[in-house]
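Work through the following exercises with the model open beside you, trying each task before reading its solution.

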Amino acid sequence: MITRNVADGIHLISHAHVNCYVVEDSDGLTLVDAGLPSMWPMLQELLSACGRRAADVRAVVLTHGHFDHVGFALRAHREWNVPVLVHPGDTRLAAHPYRYKPQRNRFLYPLAHPRSVPLLARMAAAGALKVKGVGDTRPLDTGVRLQVPGRPVAIHTPGHTDGHCILHFPERNAVLAGDAVVTLDPYTGRSGPQIVASAATKDTGQALASLDVIAATGAATVLTGHGSPWTQGAEAAVDHAVRVGAH
């Protein structure tokens, strides 16, 4: 599914419960996360719908290095000569997107949360088990305007992974939250703002603490790695996620 302008000039590609985004500006495009491999044709469809070409893509920015965010990043890097940016804390993970140890066993967790099974199965069918990592990445600077289309500010939000970052677009009143907060957790099947389950999060306590950073943006729209856009404000999303807590 492609949804244009989920925020001003920010377009959503969603497939198999995984989201990635295309940020449009007068000087080109920035891809935020790279979803799953099967989303590559959807990206090309979106570029065509926007009257854009591959040459307009200036960068791929990864919120973190998990497989369902690295997706087609290597393909974009090789075929389009696009740089891939990731926080230094996730450089190794982006190169090896399956090599991480969450708080709880991610293979056993679905047994206790059977609603997650069809969601995870759809992700697998969409290529979640066949992602190739990106070893040739550039460091993502935080706390300053990135020199990529959209000029977001990357802010470090560790917990889900060591190097997880959100991207704040102040002029667009939006924040791309990655998996720092989601509106659908594939590991439980639960909807609504929350941190991702311990089956896919390195440190849930740290992830909960990082929610304050999201609230501080004051953004009206929160765009997440999984689930529908949240349009009731960053503070409300964080309040809900805190009430849900760790699981």
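**Exercise 1. A hairpin**

How many residues lie between E11 and E12 in the hairpin that they form, and which residue in the turn has a positive phi?

Solution. The model is a predicted one, so every step here rests on computed values. Begin with the two strands: E11 covers residues 182-184 and E12 covers residues 191-194, and they pair in the antiparallel sense over two bridges. One of the pairings can be located by residue, since Leu184 has Ser191 in E12 as its bridge partner. Between the two strands of the hairpin there are six residues, and the turn contains Gly189, whose phi is positive at about 80°.

**Exercise 2. The open sheet**

Find the order of the strands in the seven-stranded open sheet, and then identify its edge strands.

Solution. The order is E1-E2-E3-E4-E5-E6-E7, and the pairing within this open sheet is mixed. The edge strands are E1 (2-7) and E7 (138-139), each of which pairs on one side only. Strands of a sheet pair through backbone hydrogen bonds, and this can happen in a parallel or an antiparallel way. For E1 and E2 (residues 10-15) the sense is antiparallel, with three bridges, and Ala7 stands opposite Ile10 in E2.

Continue with Asn5, which is found in strand E1. Its phi is positive, near 55°, although Asn5 is a residue other than glycine. With a relative accessibility of 46%, Asn5 counts as partly exposed, because that value falls between the cut-offs of 20% and 50%.

**Exercise 3. Two residues in strands of the sheet**

Decide whether Val22 and Leu85 are buried or exposed, and list what each of them touches beyond its neighbours in sequence.

Solution. Val22 is placed in strand E3 (residues 18-25). Its relative accessibility is 3%, and Val22 therefore counts as buried, the cut-off being under 20%. When residues up to four places away in sequence are not counted, Val22 touches Gly9, Ile10, His11, Ile13, Leu29, Thr30, Leu31, Leu43 and Leu46. Val60 lies 38 residues from Val22 along the chain, and the C-alpha atoms of these two residues are separated by 9.3 Å.

Leu85 belongs to strand E6 (residues 84-86), and its relative accessible area of 11% makes it buried as well. Apart from neighbours within four places in sequence, Leu85 is in contact with Ala59, Val60, Val61, Leu62, Arg138, Pro139 and Leu140. Phe72 is 13 residues from Leu85 along the chain, with 14 Å between their C-alpha atoms.

**Exercise 4. A helix and its cover**

Name the buried residues of helix H3, and say what covers them.

Solution. Helix H3 spans residues 73-80, and in it Ala73, Leu74, Ala76, His77 and Trp80 are buried. Their cover includes helix H1 (40-49), strand E5 (57-61), helix H2 (67-70) and E6. Following the chain past H3 leads to Asn81, which has a positive phi near 55°.

**Exercise 5. Cysteines**

How many disulfides does a search of the whole structure find?

Solution. A disulfide is a covalent bond between the sulfur atoms of two cysteines. The search finds zero disulfides in the whole structure. Cys20 is in no disulfide, and the nearest cysteine sulfur, that of Cys50, is 13 Å away, whereas the cut-off for a disulfide is within 2.5 Å. Cys50 is likewise in no disulfide, its nearest cysteine sulfur being that of Cys20. As for accessibility, Cys20 is buried with a relative accessible area of 1%, and Cys50 is buried with one of 17%.

**Exercise 6. The cavity**

Which residues line the largest cavity, and how do they divide by class?

Solution. The structure holds one cavity of 30 Å³ or more, and the space in the largest cavity is about 70 Å³. Its lining is made up of His66, Phe67, Asp68, Tyr100, His160, Asp179, Pro186, Tyr187, Val196, Ala200 and His226. Sorted by class, these lining residues are six nonpolar, three polar and two charged.

Definitions and conventions: Residues numbered from 1 in each chain as written. Predicted model: local features only at pLDDT ≥ 70, side-chain atom pairs only at ≥ 80, totals over all residues. Heavy atoms only, no water. 1 Å grid on protein atoms, 1.4 Å probe; cavity = no way out; pocket = protein on both sides within 12 Å on 5 of 7 lines; lining within 4 Å. Points joined across faces, edges and corners; volume = space filled by probe spheres on them. Nonpolar A, V, L, I, M, F, W, Y, C, P; charged D, E, K, R; others polar. Pairing = 2+ DSSP bridges. Helix = DSSP H or I, 4+ residues; strand = E, 2+ residues; numbered from the N terminus. Buried < 20%, exposed > 50% of the residue type's maximum accessible area, 1.4 Å probe, protein only. Contact = heavy atoms within 4.5 Å.
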